[in-house]
Amino acid sequence: KEVMDSKDKFNESIELDEMNDFDDLNISNMSDIIQQVEYKNSPFILKHKRKLIYALFVFLILLAIIIIGGIFFIIGGGPDISSDDSSTKKKSDLSFDTEWIDKFLKLPKAENVEAFIAEYTSELHVAGSENDKKQAENTKKKFIDFGLDARIEEYKVLLSYPKDGTKVTVHHDGDSYDIPTTEPSVSGDSTSSLNFPVFNGYSGSANIEETEVVYVNYGRLEDYDVLKNNGIDVTDKIVLARYGYIFRGTKVMIAELKGAVGILIFSDPMDDGYVRGKTYPEGPWRPKEGVQRGSVEFIGLYSGDPSTPGYAGKEGVERVSNPENIPTIPSYPISANSASHILGHLGGAVVPESVKGAVVDKDNNNITYHFGPGPVTVSMNVQMDNSYGTIYDVIGTIKGVDDSKTVILGNHRDAWGIGAADPISGTGPLLELARSLGELKKKGWKPQRTITFCSWDAEEYGLVGSVEYVEDFKEKLVNEAVVYINVDMGAYGPRFDAKASPSLNNAIRLATQFVDHPDHDGKTVYDIWYDETSKVESVFPHELPLVGELGSGSDFTPFLQHIGIPSMDLEFKGDYGVYHSIYDSFHWLSTFGDPGFKYGEACTKVWGVLALLFSDSTILPFDYTEYAMEMQNYANELEREFIINHPNDVLTFEPLHDALKWFSDASLSLYRSRDHKTSDDDELDDLNYLLQKGEQQFIYEGIPGRTWYKHTIFAPGLYGGYASETFPSIRQAIDAHKMPEAQEQIYAVSSVITK
């Protein structure tokens, strides 16, 4: 394992002896092997094991034999970094010189991150707008100024904006209340007065006269089951749902499926308002007038340009006239304050405690939530301009010695308004990383593999810019992309968090050990991350910091789940209640999210160290043994859930377990190959090819009914949207009570794993 155990960065380290000699391990199955290997080689365990070794050394002189040879750091299975300081190494040298990491870490500066963020948050920049184009051209210029090659890739895609005259009105007892179409400005926040309209991208258009309303909690399938059990039907009604748990587009899809004619979605203070703490501008949480905009594309079906599913939205291509992944019913986002005018007059049964929120009336008294319908009614006149516009992906590159392999770094640039935290707190680090690596290049560094910087457009509409790029350059990316490292909301708080393909988990743990945590003297980002995640209860046992699974909702989706490029998503997070509102501003970020922009600097450094690890390591730092262990956990969990939830049905999971045992054997064999020192360049090429292509092994023809998603292990749920589902095609069939299809998918997935 690649491990860094000291503040002095490799002044002390341990060389593992032929993977602890697997033949001598006392194990009963492959899962035990993996767990022992992961435990014995974890940075935390090694750090404490060293203390024991040194103590025993006093009494057992023979242990000197084990620790002779000095101090080594293992990259790609045992490279010696102490023998040479040169910046350019031959493949056969099997070394990784940390001199360039040390030099890089001195370059990123918080004040530069702050300046970039201040510049990009000074104006509205929704996708397809003139400001959006201007910022794309500015980004390209910056890349060139930093010493990168740069270009802009343009795509013609379906976009969506509200037309003048859109109006939603609440009616009760002869009175009416027009829901505001913008949010009020707040003192001290200059951009809050820009009056960006409230809307849901890709909403359907309709003029619905006064119609009864039903409260549906979070709008999940199980929430409609509660309504059904209470004898409530939403057919031909407008439903009122609160944000949370599932993607907003999925709420609209389910409402449409259940027969509703329209949907209003509000931000409940229970989830991101006063219940959580002080509200903006006194605190970081959403004020009662705050509204969450956002796309309502059905991303569970496919992401990207709705009119060109599976191929790039270039000028002149054939278009789908009625895309299946956008709604036909109207949807509209509203504030907690606007929701109070509905909830305060809604009749019917009182909701159970489990579905109550915290909306208050004009006198700040808690409202008693009722399901409805009646007596309050709502009219919705939502008119959308769904038309084709141009978006701009900015691509910058630093060419490597081997230009046939590339490490890809990505962040989106467009926003629902100002977008300081989402996404410009990631754009600042992207630009500062490009500047810093440009400076490193001037000092004589050249990456062994090319590094590609991507500033995506139209992510907010449904990952449109990144999806079109991946569909456009699919063959090239499948052959050349080593890893995709995504930073969306980069730094809006002190807590580091990561989600990734499991083969990347240890690389993330390694990179975070290079970077000092800005709030804790003498401790690294890894140290604090470990301390925090060690307290987290998990379904799976863990001795290392937890790395989550990738679902959807950001630009890693097409790379991982459409073409099988190993991907990760990084952020420094904190209390955040102004998501997709006009209040997600530079003032909010500099006051509450990242005062001094020290987390933005730390984000830049972690991102950069990862880029250097994957661009310059002689052997790519993938670890499929952890992937094998995680997949076994996923399979055990899936089988356990099936037995509990479907006691009268029968499925055999043996083919899946057999396939996973095979993958465990293969991953361990590959892992031991990394530890085998060789001077043969062809052997190194073969090994790196296997490591690079491991994730692509899991790509197949696609999940039934939504074949754009082609990854057998990870995908967003059809009725979830954001969250990851493991073995998604099997779960989807089980959830739909299609057991023959579920059994078929067990065989299909097992075959893919062992192909």
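Lys167 is partly exposed in this predicted model, with a relative accessible area of 43%. Its side chain meets that of Asp178 in a salt bridge, at 3.7 Å from N to O. Lys167 belongs to strand E2 (residues 167-172) and Asp178 to strand E3 (residues 175-178), so the salt bridge ties together parts that are 11 residues apart in sequence. Asp178 is likewise partly exposed, because its relative accessible area of 41% falls between the limits of 20% for buried and 50% for exposed.

Side chains of opposite charge can pair when their charged atoms come close. A search of the whole structure finds 29 salt bridges. One of them joins Asp132 and Arg413, with a distance of 3.4 Å from N to O. This pair links distant parts of the chain, since Asp132 lies in helix H6 (residues 130-145) and Arg413 in the loop between strand E12 (402-412) and helix H11 (420-442), 281 residues apart. Asp132 counts as buried because its relative accessibility is 1%, and Arg413 is buried with a relative accessible area of 0%. Salt bridges that share partners join these two residues and Asp457 into one network.

Another salt bridge is formed by Arg151 and Glu153, whose closest N and O atoms are 2.7 Å apart. Arg151 counts as partly exposed, at 30% relative accessibility. Glu153, at 12%, counts as buried, because buried means under 20% relative accessible area.

A buried acidic residue without such a partner is found at Glu695. Glu695 is located in the loop between H21 and strand E17 (714-716). Glu695 has no salt bridge, and the nearest side chain of opposite charge, Lys755, is 11 Å away. A salt bridge requires a side-chain nitrogen of Lys or Arg within 4 Å of a carboxyl oxygen, which means that Lys755 cannot serve as the partner here. The side chain of Glu695 is nevertheless joined to that of Tyr627 by a polar contact of 2.5 Å.

Helix H21 (residues 681-693) also leads to a group of acidic residues at the surface, for Asp686 lies in this helix. Asp686 counts as exposed because its relative accessibility is 52%. Together with Asp680, Asp681, Asp682 and Glu683, Asp686 forms a negative surface patch. Residues of such a patch have no salt bridge; in this respect Asp686, which is exposed, may be set beside Glu695, which is buried and also has no salt bridge.

Technical notes
Residues are numbered from 1 along each chain as its sequence is written. This is a predicted model: local features need pLDDT of at least 70, side-chain atom pairs count only at pLDDT 80 or more; totals for chains, interfaces and linings use all residues. Side-chain values use heavy atoms; hydrogens and water are left out. Patches are made of residues with over 30% relative accessible area and no salt bridge: like charges are joined within 9 Å, nonpolar side chains (Val, Leu, Ile, Met, Phe, Trp, Tyr) within 5 Å. Accessible areas come from the Shrake-Rupley method with a 1.4 Å probe; for residues, only the protein chains shown count as cover. Lys and Arg count as positive and Asp and Glu as negative; His and the chain ends are not counted. The place of a charge is taken as NZ of Lys, CZ of Arg, CG of Asp or CD of Glu. Helices (H or I, at least four residues) and strands (E, at least two) are DSSP runs, numbered from the N terminus. Buried means under 20% relative accessible area, exposed over 50%, partly exposed in between (1.4 Å probe, protein chains only). A polar contact is a pair of N or O atoms within 3.5 Å; within protein, one must be able to donate a hydrogen and the other to accept it, and residues adjacent in sequence count only if both atoms are side-chain atoms.
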